[in-house]
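User: I would like to go through this model by question and answer. Please keep the replies brief.

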Amino acid sequence: MVQSLPVWLVAAAAVLVAAVLGVRLARSRRAFTRALEERGWLLERERETAARQAVHDERASIARELHDIVSHNVSVMLVQAGAARRVLDAEPEQAAAALLAVEAAGRDTMTELRTLLGVLAPPADGTEPDDKDKPDLAPQPTLARLSPLVDRIAFAGLPVEVRISGEPRALPSGVDLTAYRIIQEALTNALKHGDGRRAEVTVRYTDHYLRVEVLNTGPSVLSGDRPQRTGREGRGLFGLRQRVAAFGGELDARRRLGGGFRVRARIPLERP
């Protein structure tokens with residue numbers, strides 16, 4: 001027959017087990033608390049990083065919009081003002097037409113800037129304005145507004161031929177705006193740096209992609225003429241690459257061997 005253990009021994013064993021369990025529990029709680037603190041620190045760092053990246057992305061987006069708005073219209077204004085100055089005495093009617101074009105470009109610039117600032121600037125008191133107090137926001141430019149852009153460039157002295165292939169259809173707003181900005185930037189650069197003879201714009205709709213290409217004539221490397229400016233890529237083309245990359249597309253911009261410049265983009269589209 002097994003004899004029972006003394007009561008004091010059982011009590012001592014129970015106290016020992018309780019002490020061991022208590023120590024382990026305390027260690028587990030401390031480890032859990034440290035893990036929570038570390039997780040909270042990591043989450044805070046991730047939130048700060050995400051917030052900084054969001055601010056950076058927003059600033060880059062605003063910078064792209066401002067560049068596209070100001071650069072194009074100011075370039076057209078400078079070209080037209082120069083033309084008006086050259087013919088002011090000899091051909092006052094042509095000078096007046098050029099000055100009217102400068103005025104129109106200035107008004108377009110102010111309209112687009114008011115649109116951008118109206119979206120960005122909150123009310124001073126932090127409240128939402130009533131519908132009657134909201135600024136009149138013009139729609140973002142799209143391929144549907146390509147004709148006025150081409151007319152401005154042509155009037156400034158660069159003939160533009162436009163070709164549309166495929167079946168035009170409604171595009172996602174971001175893709176539509178990006179395609180317009182590509183053409184705007186390429187034609188503006190052609191106006192400033194090309195030889196002024198001709199530019200060609202091709203917009204091709206396919207099932208899976210929107211393709212945009214802008215070609216312009218210019219001095220040829222083969223003939224020994226001075227080519228268009230080279231060197232570090234400007235803010236405009238860099239911004240276009242970012243726009244296109246945001247949709248998973250590709251943009252290629254380079255001098256043509258026979259002279260001039262080519263900008264070509266391929267932007268993926270969702271299937272209709």
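The questions below concern one sheet, the helices on it and one glutamine.

User: What is the strand order of the open sheet of 5 strands?
Analyst: This is a predicted model. The sheet is open, and its pairing is mixed. Neighbouring strands are turned by 10° against each other on average, direction ignored. The order is β1-β2-β3-β5-β4.

User: Which strands stand at the edges of the sheet?
Analyst: An edge strand here has a single partner strand, so one side of it is left without a neighbour in the sheet. Two strands fit: residues 160-165 and residues 250-255. They are β1 and β4.

User: Which residue is the bridge partner of Val 162 in β2?
Analyst: β1 pairs with β2 (residues 199-205) in the parallel sense, over 6 bridges. Within β2, the partner of Val 162 is Val 201.

User: At about what angle does α4 run to β3?
Analyst: α4 lies across β1, β2, β3, β4 and β5. Helix α5 (residues 235-246) also packs on the sheet, touching β4 and β5, and its direction makes about 155° with that of β4. For α4 and β3 (209-216), the angle is about 10°.

User: Is Gln 184 buried or exposed?
Analyst: Gln 184 is part of helix α4 (residues 173-193). Its relative accessibility is 1%. The cut-off for buried is under 20%. Therefore Gln 184 counts as buried.

User: Which side chain makes a polar contact with the side chain of Gln 184?
Analyst: Not counting residues up to four places away in sequence, Gln 184 touches Asp 68, His 72 and Leu 149. The polar contact spans 3.0 Å. The partner is the side chain of Arg 181.

Notes. Residues numbered from 1 in each chain as written. Predicted model: local features only at pLDDT ≥ 70, side-chain atom pairs only at ≥ 80, totals over all residues. Heavy atoms only, no water. Helix = DSSP H or I, 4+ residues; strand = E, 2+ residues; numbered from the N terminus. Buried < 20%, exposed > 50% of the residue type's maximum accessible area, 1.4 Å probe, protein only. Polar contact = N/O pair within 3.5 Å; in protein donor to acceptor, adjacent residues only side chain to side chain. Contact = heavy atoms within 4.5 Å. Pairing = 2+ DSSP bridges. Axes fitted to C-alpha atoms, helices over the stretch in contact; angles between N-to-C directions.
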